[in-house]
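Me: I'm new to this one, so can I ask you how some of the labels were reached? Here it is.

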Amino acid sequence: MLESIKEDIILSNKKSWDDAAPRFFGRTALPIYGPILPTENELNLFDDLSGKKVLEIGCGSGHSLKYMASNGASELWGIDLSDTQIEAARTLLSVVNNTKVNLFQGAMEKNPGIPIEYFDIVYSIYAIGWTVDLGRTLQNLYSYLKPGGKFIFSWEHPIHSRISQNGEQLIINKSYHDEGLQQCEPWDRPAIMNQLRISTYINELIQTGFQIEKIVEDVVIQEEIKSGDPAVWYTHKKASLIPPAFIIKCIKR
Ligand SMILES: C[S@@+](CC[C@H](N)C(=O)[O-])C[C@H]1O[C@@H](n2cnc3c(N)ncnc32)[C@H](O)[C@@H]1O
């Protein structure tokens, strides 16, 4: 059971995501891991996907699952908090042939009926930081994996939201050490996400039983789009100094 305050936050985040879903249609999806990051084409973290049973946590509009299907995955499973996102994913994936599709509307902090020790790969593209309970979420997705299965996820780098850009200047406006549930700054409606340090992600993964194989903090700044608009949340100026996002690949021992 989650504490009632966390249940309330999940409910309020669900409403916000149902409204925001059209803005995020296909926005952060494989082969893209996130803004200004190297892509899966460069990193090849998933290796060979053919015949693999995959589960996406926070599957959004289903574009990453479609990428999985086009690379040979045999079963596509996804969970997302938002009904609107799940409906979009159902429509998008309805044209995928010869691949079993199973989508759940629900919170990643709970298991809505996902099978245990079933998946070769569990992954999450820019969604995991929305969890109100990282430990519980990691325990869930660890249980879904077969022994030796992979968990790969990307998320905003915790240093990124602590530093703001004012013209050419970068300002530290929040302590890196402050952790916990906080309003997501660029959203103008209630949207609470978990601000955690990199060490917290790593320690929670280890405590859950994962073996960390790789951490990516690299950026790829394209020459032709170097002059970013400073009003935008992710700017190239900022990315040239601090990582906007990170990716972790780990294995279920
Ligand atoms: C940036 S989007 C991910 C986009 C997705 N990777 C794609 O390919 O379209 C983040 C997603 O996390 C979902 N989300 C937020 N909180 C969640 C929670 N507690 N449990 C499950 N999904 C959640 C949102 O509804 C949203 O669809």
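Me: What makes the pair formed by the side chain of T131 and the backbone nitrogen of D133 a polar contact?
Reply: Keep in mind that this is a predicted model. A polar atom of the T131 side chain lies 3.0 Å from the backbone nitrogen of D133. The cut-off for such N or O pairs is 3.5 Å, so the distance fits. The T131 side chain also makes a polar contact with the side chain of T137, at 2.7 Å.

Me: Where is T131 found, and why is T131 called buried?
Reply: T131 sits in the loop between β4 and α5. Buried means under 20% relative accessible area, and T131 has 1%, so the label holds.

Me: What is T131 in contact with, apart from its neighbours within four places in sequence?
Reply: Those partners are M108, E109, T137, L181 and N194. As for G58, 73 residues away along the chain, its C-alpha atom is 9.7 Å from that of T131.

Me: Why are α5 and α6 called oblique to each other?
Reply: The two helices pack at about 45 degrees, with axes 10 Å apart. Roughly parallel needs an angle under 35 degrees, and roughly perpendicular runs from 65 to 115. An angle of about 45 degrees falls in neither range, so α5 and α6 are oblique. Their crossing is right-handed.

Me: Which residues meet there?
Reply: From α5 come L134, G135, L138, Q139 and Y142, and they meet T200, Y201, E204, L205 and T208 of α6. By type, that contact has five nonpolar residues, four polar and one charged.

Terms used
Residues are numbered from 1 along each chain as its sequence is written. This is a predicted model: local features need pLDDT of at least 70, side-chain atom pairs count only at pLDDT 80 or more; totals for chains, interfaces and linings use all residues. Side-chain values use heavy atoms; hydrogens and water are left out. Axes are lines fitted to C-alpha atoms, for helices over the stretch in contact, and angles run from 0 to 180 degrees between N-to-C directions. Helices (H or I, at least four residues) and strands (E, at least two) are DSSP runs, numbered from the N terminus. Angles under 35 degrees count as roughly parallel, over 145 as roughly antiparallel, 65 to 115 as roughly perpendicular and the rest as oblique. A crossing is left-handed if the near helix is turned anticlockwise from the far one by less than a right angle, and right-handed if clockwise. Contact means heavy atoms within 4.5 Å. Ala, Val, Leu, Ile, Met, Phe, Trp, Tyr, Cys and Pro count as nonpolar, Asp, Glu, Lys and Arg as charged, and the others, Gly among them, as polar. Buried means under 20% relative accessible area, exposed over 50%, partly exposed in between (1.4 Å probe, protein chains only). A polar contact is a pair of N or O atoms within 3.5 Å; within protein, one must be able to donate a hydrogen and the other to accept it, and residues adjacent in sequence count only if both atoms are side-chain atoms.
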